[in-house]
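Please open the structure in a viewer and keep the sequence panel visible. The tour below proceeds by selection, one stop at a time.

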Amino acid sequence: MLIGPGLTGIGKEIAALVYNLSKMNINVVIDSGAIYPETVKLVKFKNVIYVPKVGELKIILGGEYSGDIISNLSKYKSDHVILVKDYKQYIVYDGSEAYLIKSDKYTVTKYGLFYILTGLLSGLYALYKDPVKSAIISVYLVVKTYENIFEKYRLHYTLDEYIMELRSNLKKIIWEGSTD
C-alpha cells in the first residue's frame with residue numbers, strides 16, 4: 001500500500017491510518033507527503049519503506065542531520081528501508097547497509113517522476129515482498145528509463161513517451177530478465 005502523494009497537511013489522520021495498518025501486516029510504502037513526526041512515531045512494524053525527500057529525512061532521523069546523507073543514514077538503526085534521492089544518485093538503506101544507484105544524468109522530477117517511482121515501488125513490493133529488492137529494482141527501472149528517454153529526446157519528452165519507455169523496460173527486466 002502506498003501512502004503519501006497528495007496527503008500533505010493531515011498528519012494526525014495519516015498517523016491513525018499507519019497505526020491501524022500496523023495491526024494488519026501489510027507492506028507499506030510511505031511517501032514524503034505522509035512523513036510527519038506523529039506518523040514516524042507510530043511505525044512499529046517492519047514492512048515499511050520510507051521514500052522521503054531530503055527535508056523529510058530529517059523527521060525520520062529524529063531531527064539530527066548534518067553532512068552527507070549516507071553518514072546520517074549510517075547512524076540510523078532500524079528494520080525499515082529508506083529510499084532517498086540525492087542529486088545524481090538514489091540511496092536505498094536497509095537499516096545497516098546503503099546501496100547506491102547512480103546516474104550520470106540528473107533525474108529530474110519533471111511530470112512527477114518521483115510519484116511514478118513510489119507507485120512502481122509499491123507495486124514491486126506487493127509482488128516481491130522484499131523491500132530492498134523492490135526498492136533497488138524500482139530505482140533501476142526509473143533511472144534506466146530516464147537515461148533512455150534522455151538519449152532520445154533530451155529534456156523534450158512527454159509523460160506518454162516516458163511511460164511507454166518505462167513499460168518497455170519493465171517488460172525487458174521483469175518478464176524477460178534482461179538488463180540491457
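**A tour from the sheet to the helices**

Begin by selecting residues 48-51 and 81-86: these are strands β3 and β4, which pair in the parallel sense over two bridges. The model is a predicted one. Within this pair, display I49, which stands opposite V81 of β4.

Next, widen the selection to the whole sheet. Six strands make up this open sheet, in the order β1-β2-β3-β4-β5-β6, and their pairing is mixed. At the edges, select β1 (2-3) and β6 (98-102), each of which pairs on one side only. In general, the strands of a sheet pair through backbone hydrogen bonds, in either a parallel or an antiparallel manner.

Now select residues 113-128, which form helix α5. Which strands does α5 lie across? The helix lies across β1, β2 (28-31), β3, β4 and β5 (89-93), and runs at about 165° to β2. From its first C-alpha to its last, α5 reaches 22 Å with its 16 residues, close to the 22 Å expected at 1.5 Å a residue.

Colour the buried residues of α5: L113, F114, I116, L117, T118, L120, L121, S122, L124 and Y125. Then move to K129, which follows α5 and has a positive phi, near 65°.

For the last stop, select residues 159-175, helix α7, and find M164 within this helix. Is M164 buried, partly exposed or exposed? M164 counts as partly exposed because its relative accessible area is 48%, between the limits of 20% and 50%. Finally, select G112 as well: its C-alpha atom is separated by 15 Å from that of M164, and the two residues are 52 residues apart along the chain.

Conventions:
Residues are numbered from 1 along each chain as its sequence is written. This is a predicted model: local features need pLDDT of at least 70, side-chain atom pairs count only at pLDDT 80 or more; totals for chains, interfaces and linings use all residues. Side-chain values use heavy atoms; hydrogens and water are left out. Helices (H or I, at least four residues) and strands (E, at least two) are DSSP runs, numbered from the N terminus. The expected span of a helix is 1.5 Å times one less than its number of residues. Buried means under 20% relative accessible area, exposed over 50%, partly exposed in between (1.4 Å probe, protein chains only). Two strands pair if DSSP finds at least two bridges between them. Contact means heavy atoms within 4.5 Å. Axes are lines fitted to C-alpha atoms, for helices over the stretch in contact, and angles run from 0 to 180 degrees between N-to-C directions.
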